[in-house]
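Open your viewer and set it to a cartoon view with side chains hidden. This tour tells you what to select next and what to look for at each stop.

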Amino acid sequence: MWRRSDEIFHTVQPHAFHEQPISLRHPVIFYLGHLPAFAWNQICRGVLGQPSFAPEFDEMFERGIDPTGVDHYESADRWPSTAEVVEYRDRIREALLRSVGEVRALSESNVLVANDRIFEVVIEHELMHQETLQYMFQQLPLRAKRRPEDLPPLILHGAADDERMPIGGGPVHLGANFDEIPFGWDNEFPRHRTSVDDFTIDRTPVRVSRYREFMDDGGYGRPELWTDDDWTWRARLEIQRPSFWSLRDGEWCYDTLFDHVPLDEAADWPVYVSLAEARAFCRWSGARLPTEAEIHRAAYSTPEGSVRPFPWGHDPPSISHGNFDFSHWAPTPVGSFPKGDSAWGVSELVGNGWEWTSSFFAPFPGFRAYIPGYPGYSSDFFDTRHFVMLGASWATPAGLIRRSFRNWFQDHYPYVFANFRCVRP
């Protein structure tokens, strides 16, 4: 985990660590300090009660931001040098390695000690931030980044056909019970049963070529396609295109971490947009977004009535099942991995991009915040402004791929590797 984090930070030029690539997030330097600070605060200070060697850093890097109701965030902190933060990180890593035996010697009655859950808290937190860093660095200019020498070539061909797949209605099992999985975040518990009616869903996420039709038809200039709140946001920020697209020398391009790809070449890639933009497209096409339960039904159930741990079955995630775990460092044509199809024939429900849903991020009945050092991990976002996303993107580590895992973002946040597909009766 640390090796990959270091590789990711190495893609940023040294002079760019104090830049703020996304106006609603801290500068890059914060995240270099946040990952070790979180680990220290949860394990060494939180579980073992060890005194801090840098309390001002522990506090400065304790928690990120997700402001609502603003378009830009100005940090009041004066950030330290990169060298100081790296020294802080390395001291914490050494302390964490020494802590393993001490933590395991504690009483197993401590829910965070049992099954090494406290270490999973730290590991999964860093795995999630590895993806956060990627979509942040996406917004940096190319001159601020270093291209990895072993970067895989872009894949531009091999998309699946654009079809609509019928899904039979029936029961849906969301989440998990606490003792069913080795580790899960509080919003994954307890297991929740619901049901859905019959529906039809796109076989693949909406691709660039189809979204371009929406743009060419004036989609960004037609208020009747947007909710009032979405239209106000779009007009205030003068949004006319997805944040991953740019106009260069008169030609539209799809921006990846290290390339500007002409849209005609990336026509079969998934389009990454905010939930607001996805809603407008769905209305334009006479459809709607799927609910969390509908995505689960299409992904994990079978026509025979069984439930699978993954859309493709019981095998653990591999590079043959989809575009995730940094295997390509960029999108791939939608539906390029047929071995990852669900039992209903729906493609790419895990990988290439998180799936937006129309469901508010909310607790399941019986929810309990069980991590003392992070009681607001989920509950701070049960605010009807954050919506559930499911699946995974190309930058999602394989260790986060499980049926009960839930991601969430604000509906007006356009920077995530998030795609969508349409649902009809």
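**Stop one: H8**

Start with helix H8. Of its 10 residues, 8 are buried, so H8 is largely enclosed by the rest of the structure. Keep in mind that this is a predicted model.

Show the side chains of the buried set: Leu275, Ala276, Glu277, Ala278, Ala280, Phe281, Cys282 and Trp284. What covers these buried residues of H8? The cover includes two helices, H6 and H7 (228–237), and two strands, S8 (353–360) and S9 (386–392).

Now step just past the end of H8. Gly286 sits there with a positive phi of about 75°.

**Stop two: H6 against H8**

Keep H8 on screen and add H6. H6 covers residues 208–216, and H8 covers residues 275–284. The two axes come within 11 Å and cross at roughly 80°. With that crossing angle, H6 counts as roughly perpendicular to H8.

Select the contact residues next. From H6, take Arg210, Tyr211, Glu213 and Phe214. From H8, take Glu277, Ala280, Phe281 and Trp284. Colour them by class: this contact has 5 nonpolar and 3 charged residues, with no polar ones.

**Stop three: the cysteines**

Go back to Cys282 in H8. Is Cys282 buried or exposed? Its relative accessible area is 1%, so Cys282 is buried.

How many disulfides does the model hold? The count comes to 0. Cys282 is in no disulfide, and the nearest cysteine sulfur, that of Cys422, is 3.7 Å away. A disulfide needs the two sulfur atoms within 2.5 Å.

Then pick Cys44. Its relative accessibility is 0%, so Cys44 also counts as buried.

**Stop four: H5 and its partners**

Select H5, residues 117–137. Add H1, residues 2–10. These helices pack at an angle of about 10°, and their axes are 10 Å apart. That angle makes H1 roughly parallel to H5.

Show the side chains where they meet. H1 brings Trp2, Arg4, Ser5, Ile8 and Phe9. H5 brings Glu126, Gln130, Leu133, Gln134 and Phe137. By class, this contact of H1 with H5 has 5 nonpolar, 3 polar and 2 charged residues.

Hide H1 and bring up H2, residues 28–44. H2 and H5 pack at an angle of about 170°, with axes 10 Å apart. Over 145 degrees counts as roughly antiparallel, so H2 is roughly antiparallel to H5.

In H2, select Val28, Tyr31, His34, Leu35, Phe38, Ala39, Gln42 and Ile43. In H5 they meet Ile118, Phe119, Val121, Val122, His125, Glu126, His129, Leu133, Met136 and Phe137. The residues of this contact between H2 and H5 divide into 13 nonpolar, 4 polar and 1 charged.

**Stop five: Asp255**

Jump to strand S6, residues 251–255, and pick Asp255. With a relative accessible area of 11%, Asp255 is buried.

Which side chains make polar contacts with that of Asp255? Ser246 is one of them, at 2.9 Å. His260 is another, at 2.7 Å. Now widen the selection. Beyond its neighbours within four places in sequence, Asp255 is in contact with Gln138, Phe244, Trp245, Ser246, Arg248 and His260.

**Stop six: loops with backbone details**

Stay close to S6 in sequence. Asp249 lies in the loop between strand S5 (245–248) and S6. Asp249 is not a glycine, yet its phi is positive, at about 55°. Is Asp249 buried or exposed? Its relative accessible area is 86%, so Asp249 is exposed.

Move to Asn115, in the loop between helix H4 (82–104) and H5. Asn115 has a phi near 60°, again positive in a residue other than glycine. At 54% relative accessibility, Asn115 counts as exposed.

Finish at Pro190, in the loop between strand S2 (170–174) and strand S3 (192–196). Select Phe189 as well. The peptide bond joining Phe189 and Pro190 is cis, with omega about -15°.

Notes
Residues are numbered from 1 along each chain as its sequence is written. This is a predicted model: local features need pLDDT of at least 70, side-chain atom pairs count only at pLDDT 80 or more; totals for chains, interfaces and linings use all residues. Side-chain values use heavy atoms; hydrogens and water are left out. Helices (H or I, at least four residues) and strands (E, at least two) are DSSP runs, numbered from the N terminus. Buried means under 20% relative accessible area, exposed over 50%, partly exposed in between (1.4 Å probe, protein chains only). A polar contact is a pair of N or O atoms within 3.5 Å; within protein, one must be able to donate a hydrogen and the other to accept it, and residues adjacent in sequence count only if both atoms are side-chain atoms. Contact means heavy atoms within 4.5 Å. Axes are lines fitted to C-alpha atoms, for helices over the stretch in contact, and angles run from 0 to 180 degrees between N-to-C directions. Angles under 35 degrees count as roughly parallel, over 145 as roughly antiparallel, 65 to 115 as roughly perpendicular and the rest as oblique. Ala, Val, Leu, Ile, Met, Phe, Trp, Tyr, Cys and Pro count as nonpolar, Asp, Glu, Lys and Arg as charged, and the others, Gly among them, as polar.
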